[in-house]
Amino acid sequence: MIPKTFKEVIDLGDGREISIETGKLAKQAHGSVVVQSGKCMLLCTVVSNYKSADVDFLPLTVDYREKFAAAGRYPGGFFKREARPSDGEVLTMRLVDRVLRPLFPKDYHSETQVMIQLMSHDENVMPDAMAGLAASAAIQLSDFPFECPISEVRVGRVNGEFIINPSFAQLEESDIDMVIGASADSVMMVEGEMDEISEEEMTEAIKFAHEAIKVQCAAQVRLAEAFGKKETREYEPEREDEELAKKIHDMAYDKVYAVAKAGSSKHERGAAFAEIKEEIIASFSEEEIEDFGDLISKYYSKAEKVAVRDLTLNEGLRLDGRKTTEIRPIWCEVDYLPSTHGSSIFTRGETQALATVTLGTSREANQIDMPSYEGEERFYLHYNFPPFSTGEARPIRGTSRREVGHGNLAQRALKGMVPEDCPYTVRVVSEILESNGSSSMATVCAGTMAMMDAGVQLKKPVSGIAMGLITDTESGKYAVLSDILGDEDHLGDMDFKVTGTADGITACQMDIKVKGLSYEILVNALMQAKEGRLHILNKITETISEPNPTVKAHAPKMVTATLPNDLIGAFIGPGGKVIQELQKETGTTIVINEDPVTEEGIVEILGTDQEGIDKVLASIDSLMFKPEVGSVYEVKVIKMLDFGAVVEYTEAPGNEVLLHVSELAWERTENVSDVVKLGDVFDVKYFGIDPRTRKEKVSRKAILPKPEGWVDRPKRDNNNRGRDNRGRDNRGRDNRNRDNRRNDKKED
């Protein structure tokens with residue numbers, strides 16, 4: 001018997017709906033829902049252990065996977081089974097995690113797992129836009145201590161009209177692609193890319209998304225009430241001691257305030273704070289340290305945070321001595337690495353990124369193979385964050401989720417400025433060599449300069465800046481911080497990164513930690529970010545004002561040519577023999593793709609030697625060479641035969657034709673070598689296809705003067721009863737046997 005199910009339907013306002021259903025699947029999970037839109041179905045389950053883990057943080061895991069069976073496909077590769085998550089899946093995990101995590105109690109430390117799976121795919125529905133809704137709905141059906149329902153939506157804009165959760169096709173036409181996460185009261189997360197929009201337009205998009213999210217949060221509440229809202233579980237909270245907290249605050253506050261106000265470097269400041277903490281710990285007895293050691297560290301961190309925030313709100317000063325709107329000193333350099341196709345260094349304060357660019361053919365495109373999306377990227381960016389960049393020693397165990405997320409943000413910031421007609425596949429790699437403040441924004445700046453250094457003709461340079469916010473709800477004071485430090489990221493109420501050109505925003509990422517942030521503050525923060533972004537952009541253009549006109553001498557040059565579809569096979573040759581020999585001879589890489597519209601062959605030629613590239617182009621021209629009837633062409637003898645000479649057109653090497661012995665000269669020619677020799681160059685006239693031989697005909701004698709006294713041979717009359725007609729009209733030799741057989745039959 002099918003169990004009773006509970007369902008809520010959300011109207012998206014344009015004929016589309018999203019349904020949330022529970023009660024049928026995965027009932028042993030602490031909460032489970034199926035979210036569906038069209039034929040797209042997500043199953044989300046949540047489980048949290050009842051026993052706290054021995055850690056001082058929330059061990060939350062958000063897992064998002066797309067099953068290939070959902071799209072009726074097999075996984076690629078040798079092993080036909082889904083394995084490690086793709087970058088696309090990791091990015092969706094991060095989007096959901098960033099909204100869920102702040103809503104759990106800070107002292108809740110139980111192992112918690114949120115699993116979201118794409119079970120059925122619809123090509124018109126983007127599943128990642130519903131992942132946050134699925135996660136929150138499942139949690140609402142559980143007994144987890146969770147503050148309030150949230151949801152996430154994607155916002156697009158087509159022809160000036162905002163769209164909630166646009167399809168893939170709509171997103172192709174949209175100038176905005178943003179995912180917003182929020183509760184009914186507050187926006188909590190924003191991430192996306194834009195086509196140089198203004199700060200005001202971005203704010204309008206966020207407002208539009210928030211209204212849709214409010215509807216989705218209300219639907220979750222109704223579903224939980226219909227299902228039967230569970231009592232929130234009891235858990236063992238962290239130990240608290242208000243008297244100890246006040247004591248440590250009083251001991252630390254003034255000292256921390258003084259160190260913060262000194263405007264020292266990261267290393268000096270860290271050492272001074274550590275010394276204050278050690279003095280406080282030393283003031284307690286061994287018994288007190290044994291009993292309250294964890295609380296002492298916890299309360300010291302709180303006191304430090306309060307002191308630093310107060311310094312900024314009260315005096316407008318920051319940890320390194322800057323004012324709220326100041327950008328740290330910047331220095332840049334391009335062409336630093338001699339062997340790369342392009343390189344740059346971008347250093348802002350104690351954050352440094354070294355970017356490299358590699359140019360290649362379409363063969364080097366990044367292939368994306370997911371159940372919900374198949375395609376390729378001709379521009380992509382990889383971000384590496386080694387431990388030495390923060391003065392740490394720790395093992396490197398593959399690419400982290402953070403590296404995937406930061407690299408994706410920088411890629412989205414830059415990709416709109418790579419021209420569509422760029423012939424290359426462009427790979428940018430950012431190596432973070434120092435980090436104290438946003439390294440992803442340093443990556444955007446370094447990537448811009450490296451591509452300009454490589455000769456990639458960017459439409460416009462792009463810069464990025466990380467901003468922070470400190471607010472005091474009681475006094476109403478707030479401070480927007482430009483170009484935040486790592487410590488300011490930790491202690492602030494909002495971390496938002498904005499990238500763009502001089503004309504508008506190209507990408508953003510925001511994590512808002514304070515409830516009820518007004519749109520007025522958000523707009524002010526965005527406008528301050530614009531000022532900082534333009535300041536950084538000026539520093540970039542002072543170093544390199546525009547892309548280099550050509551690629552470097554040692555970098556590959558890319559030339560493209562078109563080839564008719566019926567000539568592709570001849571160009572490649574049997575088993576690829578022709579194209580392989582051509583690549584070896586010219587030192588080039590040749591890639592052929594078929595234009596999906598015209599079905600022509602698009603030939604990409606990549607090489608460092610222009611002479612080699614020219615040889616490939618000449619080979620293509622030769623293959624496409626079509627002589628015109630009646631025209632005269634220069635040819636070269638490349639082979640001698642008994643009945644003529646094989647010649648090739650000098651303007652199309654490799655394009656050969658037979659010059660018959662009868663067309664060498666007006667006089668009768670007994671031996672071909674009497675008239676021409678191997679390597680001779682002369683002119684011939686092209687007559688097209690000979691109707692008698694069905695082959696191309698050229699003639700040397702046709703452009704030579706006739707010998708003196710020459711008499712043209714009379715044309716042969718096909719109607720006389722001569723030799724040529726004896727088999728058809730005469731009773732000659734060809735019909736002799738047939739006539740004899742007829743006579744034999746008559747005699748019988």
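Buried means under 20% relative accessible area, and that cut-off helps when you look at the charged pairs here. The structure you're looking at is a predicted model. A search through all of it turns up 42 salt bridges. Let's go through a few of those, then see how two helices pack.

**Charged pairs**

- Some background: side chains with opposite charges can pair up when their charged atoms come close.
- Start with K552 and D453, whose side chains form a salt bridge at 3.0 Å, N to O. This pair ties together distant parts of the chain, 99 residues apart. K552 sits in the loop between α11 (519–543) and β22 (557–563), while D453 belongs to helix α9 (residues 439–454). Are these two residues buried or exposed? Both K552 and D453 are buried.
- Next up are R157 and E201, which meet in a salt bridge of 3.1 Å, again N to O. Here too, distant parts of the chain are linked: R157 lies in strand β7 (residues 150–158) and E201 in helix α4 (residues 199–227), with their positions 44 residues apart.
- How do R157 and E201 rate for accessibility? R157 has 11% relative accessibility, so it counts as buried. E201 has a relative accessible area of 28%, so it is partly exposed.
- Then there's R322 with D320, joined by a salt bridge at 2.7 Å, N to O. R322 is buried because its relative accessible area is 6%. D320 comes out at 21% relative accessibility, so it counts as partly exposed.

**A network of charges**

- Salt bridges can also be followed from residue to residue in this model: which residues are linked in a network? They are D128, R154, D177, E193, R412 and K415.

**Two helices packing**

- Now find α4, the helix that holds E201. It packs with α11 at an angle of about 145°, and the two axes are 10 Å apart.
- The way α4 and α11 cross is right-handed.
- On the α4 side, the residues making contact are E199, E200, M202, T203, I206, K207 and H210. Facing them from α11 are Y519, L522, V523, L526, M527, K530 and R533.
- What classes of residue make up the contact of α4 with α11? There are seven nonpolar, two polar and five charged residues.

Definitions and conventions: Residues numbered from 1 in each chain as written. Predicted model: local features only at pLDDT ≥ 70, side-chain atom pairs only at ≥ 80, totals over all residues. Heavy atoms only, no water. Salt bridge = Lys/Arg side-chain N within 4 Å of Asp/Glu carboxyl O. Helix = DSSP H or I, 4+ residues; strand = E, 2+ residues; numbered from the N terminus. Buried < 20%, exposed > 50% of the residue type's maximum accessible area, 1.4 Å probe, protein only. Axes fitted to C-alpha atoms, helices over the stretch in contact; angles between N-to-C directions. Left-handed = near helix turned anticlockwise from the far one by under 90°. Contact = heavy atoms within 4.5 Å. Nonpolar A, V, L, I, M, F, W, Y, C, P; charged D, E, K, R; others polar.
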